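User: I am new to this structure and would like to be taken through its architecture with a few questions and reasoned answers.

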Amino acid sequence: MGQIDRIIFFQNAVETLGYFSEQIVSEVERLGFAVYFIDYDNLYESLEGLSHFAVPGKTALLTFNFIGLAGEEIFRREDGGYLWEDYQMQYLNILVDHPFYYHEKLLQNLPGMAVFCIDRVHVGYIERFYPGTRVRFLPLAGNVMLEKDARGAYSEIWNYERALVPYNERKYDLVFTANYVPFGSLYQRILDLEAEYAVFYREILDDLLGDPAQCADAVMERHIRERLGEVSSQEMRAAMSGMALIDLCVRAYFRDAILGELANAGVRVHVFGADWEFLPCKRPENIIKNGGQVDSAVCVRAVRDARISLNIMPWFKDGVHDRIFTAMLQKTVALTDGSKYLRENFEDGQGLVYFSLEERGRLPEIIGGLLGDPARAVNTAESGYPRVYAAHTWRERARFLAEEIRETYR
């Protein structure tokens, strides 16, 4: 096999993941790789051009969440294999959710596939339950504005500091960039299960809500063993893969609760995302909606014009969410619950301010303290920026991935 010098990406499959991909592309092209996009809005035309781009043994496919490797019929050959195999492609697959969402896909154990997880707990999960899978830790990165220059290239996207809005001139005090998913509708899906399963799932959910410092998979495993005794690794991973609904419920519960409690306490939150009109709270006028389904560029622009950006971790206990690094790249204070990885790398007040899910009732006080002390807030926002700019952009992740390609697939 020759040196890999070309990479295939996907766009318009999942908007956020496409945004990540375009930032990676801006750097891997500079590093000498040729790039080709499979466009989900023009799949057939994209696939027609694939034969002119891909070279057997010299092409990699860089994807997220098994897009293109999830059994999609359009990417299958008549014999059931993937058309990528015709080009002897290597696969780099970044999972931005817990691996138990991808149980069946991980069982494929595709030859030539490297998996990258955004949480070190997720890495350990794959090493334990899917031995033989090549897996590495790759934290999410912060987003920047994607703006093309006169040549149609993204060459200047990293030189944006001069365009940042001065902190005291920003439009929003507090923003939250995410869609609203009603906890009640997800919880009803648990109640609709067969009675025995509904009780079992509710026990696990109550355990997680009662002590939110716990990892979801550890709690699931403990309850499975208490209920069933000793089970094999194969049985355990299959059982946990069926419990993704619990993970969704926990995420939705805290997002629902925190935003509702802030609104009820008189804290105005500018939300950028869909369905916030359905949030049940006593003072809905404090949830200020800014459009429905918005794209990543709108979210970056909103964070750039905010003093504080709220993050509620999607249960990453040893990783990071891109909302945090995106805020820090805009010199905006990231207000977030913590994780082992974050606390190892960033002290409180170094670009971010921590809160705990258990003591979320203190959030109005924390927010008021930041807004009431602009000098402290500016110092916090400024202090984290150099480290995040140097180490936690998609440009840096692209360099890591390029090195992986060149070292692993030489």
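**The sheet and its surroundings**

User: Which residue in E2 is the bridge partner of glutamine 11?

Analyst: This is a predicted model, and in it strand E1 (residues 6-11) pairs with E2 in the parallel sense over six bridges. In E2, glutamine 11 has as its bridge partner aspartate 39.

User: Which strands stand at the edges of the sheet?

Analyst: The open sheet is formed by six strands with parallel pairing, in the order E2-E1-E3-E4-E5-E6. Two of the strands each have a single partner strand, so one side of each is left without a neighbour in the sheet, and these edge strands are E2 (34-39) and E6 (134-137).

User: At what angle does H2 run to E2?

Analyst: Helix H2, which comprises residues 43-53, lies across E1, E2 and E3. Its direction relative to E2 is given by an angle of about 155°.

User: Are H1 and H10 roughly parallel or roughly perpendicular?

Analyst: Helix H1 (residues 15-30) and helix H10 (residues 296-304) pack with their axes 9 Å apart, at an angle of about 75°. Angles of 65 to 115 degrees count as roughly perpendicular, and therefore H1 is, with respect to H10, roughly perpendicular.

User: Which helix gives the largest share of the largest nonpolar core?

Analyst: The largest nonpolar core has 147 residues, and Trp84 and Leu259 are among those with the most contacts inside it. The largest share of this core amounts to eleven residues, and these come from helix H9 (residues 244-264).

Definitions and conventions. Residues numbered from 1 in each chain as written. Predicted model: local features only at pLDDT ≥ 70, side-chain atom pairs only at ≥ 80, totals over all residues. Heavy atoms only, no water. Core = buried A, V, L, I, M, F, W, Y, C linked by side-chain atoms within 4.5 Å. Buried < 20%, exposed > 50% of the residue type's maximum accessible area, 1.4 Å probe, protein only. Helix = DSSP H or I, 4+ residues; strand = E, 2+ residues; numbered from the N terminus. Axes fitted to C-alpha atoms, helices over the stretch in contact; angles between N-to-C directions. Parallel < 35°, antiparallel > 145°, perpendicular 65-115°, else oblique. Pairing = 2+ DSSP bridges. Contact = heavy atoms within 4.5 Å.
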